[in-house]
Amino acid sequence: MCPVGQYPQAVVERIWQNVAHPRLLNHHKDLAWQTVHDVLPVRLIMYKRSLAKTPRCPMEGCGAEESIRHRFWECISSMKIWRGARVWWNQLTGSGSLDYDLIMYGIPNEKVQKNEWSVQWTFINCIKDAIWKRRNRYVLKGELLSCAETIRLALHLLQDYYVRDRLVEGVHRARHRWKEFSSVMVVHEPYT
């Protein structure tokens with residue numbers, strides 16, 4: 001098992017379990033894996049490999065080095081998105097806090113029930129995916145999604161999980177699992 005930063009072995013095992021969490025869709029497992037392995041192609045990593053002209057964050061008004069930590073946690077634009085997502089997070093957790101270890105590695109700072117954790121970890125990965133898609137859309141197309149649009153994108157990504165759960169576990173169990181997001185889960189019933 002690959003070490004992760006300065007974390008003790010027991011925490012590292014938990015991190016790798018979260019990266020390969022069975023409830024995550026494959027593209028979210030890939031994003032988590034790249035993040036933990038420190039290989040997500042942010043500007044700093046690309047610059048060190050002579051694949052980018054600058055290590056600087058591409059977001060307007062930032063200019064800091066774009067590390068993975070910066071992209072998902074320290075960048076002003078990412079901080080705004082996490083603040084905006086707090087409304088949904090509070091619905092999931094009551095009032096749980098979001099911190100770096102939780103967002104990057106899935107290390108909660110409080111005890112969480114297993115069934116609650118899978119929804120929380122899925123939500124976190126949808127937000128990270130939306131932040132990454134927002135960044136790439138800006139870099140590749142020059143189009144910048146607002147923070148509200150980015151959160152809506154993350155909620156749309158959550159819908160993939162809801163649809164999967166409806167197909168695999170049935171409508172009732174899916175609705176129960178995703179009840180905190182029922183106002184945004186718009187799935188059309190098939191015609192009978």
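**Figure 1. Arg14 and the ring of Trp117 in the predicted model.** In this predicted model, Arg14 is positioned over the face of Trp117, at 5.5 Å from the ring centre. Trp117 itself is buried, its relative accessible area being 6%.

**Figure 2. The aromatic pair of Phe72 and Trp132.** A search of the whole structure yields nine aromatic pairs. In one of them, the ring centres of Phe72 and Trp132 are 6.4 Å apart and the planes stand at 45°; the pair is therefore tilted, as this angle is neither under 30 degrees nor over 60. Distant parts of the chain are linked by this pair, with Phe72 in helix α4 (residues 68-74) and Trp132 in helix α7 (residues 114-141), 60 residues apart. Phe72 has a relative accessibility of 0% and counts as buried; Trp132 is also buried, with a relative accessible area of 10%.

**Figure 3. The aromatic pair of Trp117 and Trp121.** The rings of Trp117 and Trp121 are stacked, because their planes meet at 20°, under the 30 degrees required, with the centres 5.6 Å apart. Both residues belong to helix α7, where a spacing of four residues separates Trp117 and Trp121 by about one helical turn. Trp121, at 1% relative accessibility, counts as buried.

**Figure 4. An aromatic cluster.** One aromatic cluster is formed by Trp88, Trp89, Phe123, Tyr161, Trp178 and Phe181.

**Figure 5. Arg69 and the ring of Tyr100.** Arg69 lies over the face of Tyr100, and the distance from the ring centre is 3.8 Å.

Methods. Residues numbered from 1 in each chain as written. Predicted model: local features only at pLDDT ≥ 70, side-chain atom pairs only at ≥ 80, totals over all residues. Heavy atoms only, no water. Phe/Tyr/Trp six-rings, centres within 6.5 Å; stacked < 30°, edge-to-face > 60°. Helix = DSSP H or I, 4+ residues; strand = E, 2+ residues; numbered from the N terminus. Buried < 20%, exposed > 50% of the residue type's maximum accessible area, 1.4 Å probe, protein only. Lys NZ or Arg CZ within 6 Å of the ring centre and 35° of its normal.
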